[in-house]
Amino acid sequence: MAESDSDEIIAMQHEFEWLLQEEVSAVLEQLKGILLDINLRIHKHQVPSHRTIVQNDCQWKLQQIQDAGNHLMLALHLLPSHASTNQQNKYNFRSAEEVTEMVNKLMSCLQRGRACLIIPKRKTIDELQKSRNMKSLQPPLPNDLAVSFYVQAHKLVFAVYHLQKDQQGSMKFDVYQAESSVPWLSEVLVLFTVSLQLCQQLKDKVSVFC
């Protein structure tokens, strides 16, 4: 019985060593390749923009895209710091806890990046009217109008807000929206999801040895 237990312990130790030395590195390299494929650059339209609308030909800033890109870069920066100098792209981990800690950080970055593209931040009408984007419009819009672009999942939404007073004299606004499907946003969300699934699968395997 004791010999059987000893053989099982040795087998598990060999499996753990293989997991740390081979599978963890392979999964992280696969993950790195997926993250490098994520392109968060807004594609330029072939039709020239109307220069009379935006001052100095400024681009309308989509903060959601910038935030998602920042979280993606943080995730990528986590990977090279753990890579060894050998040519096999092996990662030097000494324990399951170390792998889990790094994967948790990766997942946190990826979850925040994905959330930026799915859930737009709420802004008040006052914040919209005072935004840099609104100030870039020329000629400026009337005080009773505000506009915004935002990303929601695979769609780009354009919203127009018309402010007016109701019969009681209180301010209210009507919203008019137009939306367009953006194929590359769908691809980006899929890559974020696949990356998170890879992280979770690796975390589950390593957790057996924690």
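Start with Ser 148: its bridge partner, over in strand 2, is Ala 159. That one link belongs to a longer run, since strand 1 and strand 2 pair in the antiparallel sense over eight bridges. Keep in mind as you look around that this is a predicted model.

Now follow the chain from strand 1 into strand 2. The two make a hairpin with two residues between the strands, and in this hairpin Ala 153 takes a positive phi near 60 degrees.

Next comes the other side of strand 2. Strand 2 covers residues 155–165, and it pairs with strand 3, again in the antiparallel sense, this time over 11 bridges. If you want a spot to find by eye, try Lys 165, whose bridge partner in strand 3 is Met 171.

Put those pairings together and you have the whole sheet: three strands, in the order 1-2-3, with antiparallel pairing, forming an open sheet. What does that leave at the edges? Strand 1 (145–152) and strand 3 (171–181) stand there, and each has a single partner strand, so one side of each goes without a neighbour in the sheet. The sheet is twisted too, by an average of 20 degrees from one strand to the next. As for what links such strands, the strands of a sheet pair through backbone hydrogen bonds, in either a parallel or an antiparallel way.

So much for the backbone; on to the side chains. In a regular strand, side chains alternate between the two faces of the sheet. Here the rings are worth a look, with a count of three aromatic pairs. One of them is Phe 149 with Phe 158, a tilted pair whose centres are 4.8 Å apart and whose planes are at 35 degrees. How exposed are these two rings' residues? Phe 149 is partly exposed, with a relative accessible area of 34%, and Phe 158 is also partly exposed, at 28%.

Another pair is made by Tyr 161 and Phe 173. The ring centres lie 5.9 Å apart and the planes stand at 75 degrees, so this pair counts as edge-to-face. Tyr 161 sits in strand 2 and Phe 173 in strand 3, so the pair ties together parts that are 12 residues apart in sequence.

Is each of these two buried or exposed? Tyr 161 has a relative accessibility of 12% and counts as buried, because the cut-off for buried is under 20%. Phe 173, at 42%, counts as partly exposed.

Terms used. Residues numbered from 1 in each chain as written. Predicted model: local features only at pLDDT ≥ 70, side-chain atom pairs only at ≥ 80, totals over all residues. Heavy atoms only, no water. Pairing = 2+ DSSP bridges. Helix = DSSP H or I, 4+ residues; strand = E, 2+ residues; numbered from the N terminus. Axes fitted to C-alpha atoms, helices over the stretch in contact; angles between N-to-C directions. Phe/Tyr/Trp six-rings, centres within 6.5 Å; stacked < 30°, edge-to-face > 60°. Buried < 20%, exposed > 50% of the residue type's maximum accessible area, 1.4 Å probe, protein only.
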